[in-house]
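Hi,

Here is the structure I promised to pass on. Have a look at it first, and my notes follow underneath.

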Amino acid sequence: MAAANPAQLLLAELTCSVCLDYFKDPVSVDCGHHFCQACITQCWEELSTNFPCPECREIFSQRNFKANRQLRNIVEAARKLTLELTKEPEVGTVCEKHQRSLDDFCQEDQTLICLVCHLSRDHREHTVVPVEEAAEDYKDQIRSRLEILKIERDAILSFKLSGENESHEVLKQLETEKQKIVSEFQQLHQFLEEQERLLLAQLEELNKEIEKSRAEYVAKLSEEISSFSSLISEMEQKCQQPAREFLQDIKDTLSRCEREKFQNPVAFSSDLKWRIWESSQRNAPLETIMKKFKDSLSSRLWLDKANVTLDPDTAHPQLIVSADRKSVRWEPWQQDLPDNPQRFDNWTCVMGCEGFTSGRHYWEVEVEGTGVYVVGVARESVSRNGGISPNPEQGIWAVQGRGDLYWALTSPEHGTPLSPSRACRRIRVYLDCEGGWVAFFDAVRGELIVTFPLTSLAGERIRPLFQAGVSVRLL
């Protein structure tokens with residue numbers, strides 16, 4: 001393989017490892033690597049903590065980067081320099097056989113020909129068009145394929161980001177479970193120490209497998225992105241060539257543009273997720289207390305994320321439910337809606353469409369604004385008409401927030417203030433039908449807000465419940 005020329009070496013040093021193009025508004029992260037500002041912003045867009053370097057994977061606690069003006073100036077100068085250094089001489093424009101200008105293009109043979117070639121026996125019956133006309137036709141074909149290639153590349157980048165976010169979430173759950181295991185085993189005596197080591201070893205083994213799966217997944221997507229980017233760059237440069245040079249190997253160019261649609265690999269197999277849950281069940285109980293401890297541990301290890309949507313038939317007339325049923329907002333005027341028994345007519349509430357009688361589930365809610373909001377769950381049979389006391393005795397388990405304060409709705413007279421007093425804007429709701437409890441977490445800080453026991457359900461469905469004096473959105 002020929003050694004890379006200086007222009008290629010310079011290009012490699014001035015190329016962003018995310019988009020594989022010249023740096024645009026280059027910035028530096030704390031580990032010293034450089035990226036386009038738009039690229040690093042997109043990589044960290046969905047993250048609120050633990051920001052990884054896309055190149056060396058070093059983790060930073062804060063979203064920090066700074067502009068590199070000197071690198072930007074070097075890139076601009078190098079862009080012009082490399083264009084001059086990589087410019088190749090114009091290909092021949094004269095027919096080798098007849099020494100005439102190559103002014104025509106044979107569509108059957110997809111080759112440049114001169115007037116004499118056109119009149120010859122080899123091309124007399126073929127469709128021949130002027131070279132400029134042929135070039136425009138084929139450029140249109142290349143441009144249409146370029147759009148498809150770019151869409152594919154963007155889709156793969158989306159898969160990559162989604163897979164990385166999923167891996168962070170799984171690793172975060174594993175880390176949380178590790179801390180709980182350590183904390184609870186420390187409260188037991190010496191006979192539990194061996195069990196502690198075994199469980200932590202199992203979690204560590206799963207942690208390594210997840211890291212391995214993530215690395216393989218990201219490597220596969222990065223390879224595909226690099227391949228697509230290189231092909232797109234090559235095709236874009238090809239379209240800038242003069243017509244005759246462009247058409248010299250058009251058949252090969254068209255063939256290179258045709259690629260199979262990328263199939264997104266599975267980031268984490270169902271078998272691996274099952275093994276995570278199974279690890280909490282593997283050790284048989286030693287004593288009654290150990291069984292209770294293990295049952296409690298396994299019940300918290302894995303939950304299904306519920307795709308909760310809002311039920312417009314239950315919404316108070318002052319609540320506007322979005323078309324996708326994923327958000328609701330309060331308005332000071334009432335809509336003209338059908339008066340049905342399922343609708344709340346006094347309390348500005350709306351219920352989720354989904355109801356649960358078994359299993360362990362969770363969902364997240366984001367609130368905006370400074371008004372009063374309530375997030376929780378309720379019995380299917382909860383009263384919808386007249387004055388309502390939002391508390392467990394009435395079949396409602398919820399937290400209420402307003403401004404910088406929030407309360408657990410625990411009694412008919414008033415709620416119980418919670419500490420810390422700072423109200424969270426993103427709440428995660430956990431529902432365990434078998435265990436008989438519902439818990440609320442600050443989804444950003446990972447802090448427990450409050451836990452309610454669910455009593456006397458007798459198989460009745462439990463549905464998500466929201467009161468909106470602000471805008472509420474399901475994630």
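Let's start with strand pairing: β14 pairs with strand β21 (residues 462-468) in the antiparallel sense, over seven bridges. Helices (H or I, at least four residues) and strands (E, at least two) are DSSP runs numbered from the N terminus, and two strands count as paired if DSSP finds at least two bridges between them. In this pairing, Val374 sits opposite Gln467 of β21.

Before going on, note that this is a predicted model: local features need pLDDT of at least 70, side-chain atom pairs count only at pLDDT 80 or more, and totals for chains, interfaces and linings use all residues. Residues are numbered from 1 along each chain as its sequence is written, and side-chain values use heavy atoms, with hydrogens and water left out.

β14 also has strand β15 (residues 396-402) as an antiparallel partner, joined by six bridges, and there Val375 faces Val399. Seven of the seven residues of β14 (residues 373-379) are buried, so the strand is largely enclosed by the rest of the structure; buried means under 20% relative accessible area, with a 1.4 Å probe and protein chains only.

Now the cavities. A cavity is a set of points on a 1 Å grid over the protein atoms alone where a 1.4 Å probe fits but cannot get out, and lining residues have an atom within 4 Å of a point. Searching the whole structure turns up three of 30 Å³ or more, and the largest holds about 100 Å³, volume being the space filled by probe spheres set on the points. Its lining includes Cys43, Trp44 and His168, and helix α5 (residues 131-186) gives the most, with five residues.

Cheers

Conventions: 1 Å grid on protein atoms, 1.4 Å probe; cavity = no way out; pocket = protein on both sides within 12 Å on 5 of 7 lines; lining within 4 Å. Buried < 20%, exposed > 50% of the residue type's maximum accessible area, 1.4 Å probe, protein only.
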